[in-house]
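Q: I would like a close look at a single part of this model, namely its salt bridges and their surroundings. Please give one connected account.

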Amino acid sequence: VAVLPSSQDGKAVEVVTLPDPKDGTPSEYALGDGCILEANWFRPRHASWLVGNEVVSDGGVTLYTEVHPAFFLLPGLSGLGARQMDRAGAFSSLEHIVESLALPRRPGLEALVARALPDICDAKTVMDDETYYRFNLDKALDWLAGKTQALMALFSKLNAAFALYDEAGLRAYTVDYLGEYIPPALAAALRTKLKMPAAAEPQAKRKAPAPATTASAKPAAVAVAAAAAAPKPSAKISSFFSRPAEQPKAKKPKLVADKSNLKISSFFTRKVTK
């Protein structure tokens with residue numbers, strides 16, 4: 001079962017192979033109507049689908065989410081990814097960029113690339129006919145900083161667990177999330193721009209949950225529950241569907257014989273005959 005964004009209802013999608021934005025590994029994505037979709041597979045331990053009168057044993061679900069096309073351009077254009085574009089630093093045509101980055105030649109994909117390039121590149125139009133692009137690191141970092149702010153606003157409204165983060169902690173979580181879609185060197189440059197500590201340095205701590213105010217509340221249990229509910233940094237959306245950790249089973253109490261509960265015959269000892 002696949003779940004697509006509502007914007008793709010009734011529309012066909014095409015599976016294409018694109019380099020992973022972080023490490024360049026060839027991965028499968030879906031090319032939809034005006035967007036690139038990332039597939040995240042979730043499979044519960046015990047689940048099935050009821051399709052008509054049949055039961056399908058595979059109860060998994062594939063969730064497709066949109067990914068901005070610029071993420072697939074940043075590694076090569078910046079020279080910080082696994083595959084670098086030739087003639088870096090020079091103005092290049094759309095066709096040359098698509099070819100240098102080994103992107104599939106699809107009309108829909110090329111239109112998405114042309115729409116994303118101005119976000120991270122300088123553009124120059126020649127003879128009102130063709131536009132050429134040159135990567136601009138400052139412009140790209142400004143774009144990533146804007147994505148960071150937009151995601152922070154989204155995460156803060158997503159669920160109550162994000163309320164456990166202070167502003168610095170939420171920003172660190174968000175940059176770690178974006179770090180799954182950009183090369184490590186570019187993520188480090190983004191941290192520098194946002195005046196954040198390096199990834200190896202301690203990040204801001206979460207806010208401690210408010211202490212219990214009623215006599216019936218159990219502060220220790222509340223703290224444990226709040227810590228378990230807090231989201232862990234992860235780049236992909238599938239992380240929100242992680243399987244909950246199994247709780248340790250309670251130990252069975254050791255049974256000890258109660259000597260006071262003996263049979264009545266024990267009070268009558270047999271007389272030994274000499």
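How many salt bridges does the structure hold, and where do the partners of such pairs lie along the chain?

A: The model is a predicted one, and the structure holds 9 salt bridges. Side chains of opposite charge can pair when their charged atoms come close. Three of the pairs are described here, each with its place in the chain and its accessibility.

One of them joins the side chains of Lys11 and Asp33, with an N to O distance of 2.9 Å. Lys11 belongs to the loop between β1 (2-3) and β2 (14-19), while Asp33 belongs to the loop between β3 and β4, so this salt bridge ties together parts that are 22 residues apart in sequence. Lys11 is partly exposed, its relative accessible area being 39%. Asp33 is likewise partly exposed, at 46%.

The loop that holds Asp33 also holds Gly32, which is placed between β3 (26-31) and β4 (36-42). Is Gly32 buried or exposed? Gly32 has a relative accessible area of 15% and is therefore buried, the cut-off being under 20%. Beyond its neighbours within four places in sequence, Gly32 is in contact with Gln8 and Val13. A further relation in space concerns Glu66: its C-alpha is 9.1 Å from that of Gly32, although the two residues are 34 residues apart in sequence.

A second salt bridge is formed by the side chains of Arg106 and Glu14, at 2.7 Å from N to O. Arg106 sits in the loop between α2 (94-100) and α3, and Glu14 sits in strand β2, so the pair ties together parts that are 92 residues apart in sequence. Both partners can be placed on the accessibility scale: Arg106 counts as partly exposed at 29%, and Glu14 counts as partly exposed at 32%.

The third pair consists of Arg134 and Asp122, whose closest N and O atoms are 4.0 Å apart. This salt bridge links distant parts of the chain, with Arg134 in strand β10 and Asp122 in strand β9 (residues 121-126), 12 residues apart. Arg134 is partly exposed, with a relative accessibility of 32%, and Asp122 is partly exposed, with a relative accessible area of 25%.

Strand β10, which holds Arg134, leads on to helix α4. The buried residues of α4 pack against β10 (130-135), as well as against α1 (70-78), α3 (107-120), α5 (167-178) and α6 (184-193). Among these buried residues are Leu141, Trp143, Leu144, Leu151, Met152 and Phe155. An α-helix has 3.6 residues a turn, so residues three or four places apart point the same way. Helix α4 itself comprises 22 residues (137-158). Its first and last C-alpha atoms are 31 Å apart, close to the 32 Å expected at 1.5 Å a residue. At the start of α4, a side-chain oxygen of Asn136 comes within 3.1 Å of the backbone nitrogen of Asp138.

For contrast with the charged pairs, a nonpolar surface patch may be noted. Val1, Val3, Trp49, Val51 and Val56 make this patch, which covers about 400 Å². One of its members, Val51, lies in strand β5 (residues 49-51) and counts as partly exposed at 49% relative accessibility.

Notes:
Residues are numbered from 1 along each chain as its sequence is written. This is a predicted model: local features need pLDDT of at least 70, side-chain atom pairs count only at pLDDT 80 or more; totals for chains, interfaces and linings use all residues. Side-chain values use heavy atoms; hydrogens and water are left out. Patches are made of residues with over 30% relative accessible area and no salt bridge: like charges are joined within 9 Å, nonpolar side chains (Val, Leu, Ile, Met, Phe, Trp, Tyr) within 5 Å. Accessible areas come from the Shrake-Rupley method with a 1.4 Å probe; for residues, only the protein chains shown count as cover. Helices (H or I, at least four residues) and strands (E, at least two) are DSSP runs, numbered from the N terminus. Buried means under 20% relative accessible area, exposed over 50%, partly exposed in between (1.4 Å probe, protein chains only). The expected span of a helix is 1.5 Å times one less than its number of residues. Contact means heavy atoms within 4.5 Å. A polar contact is a pair of N or O atoms within 3.5 Å; within protein, one must be able to donate a hydrogen and the other to accept it, and residues adjacent in sequence count only if both atoms are side-chain atoms.
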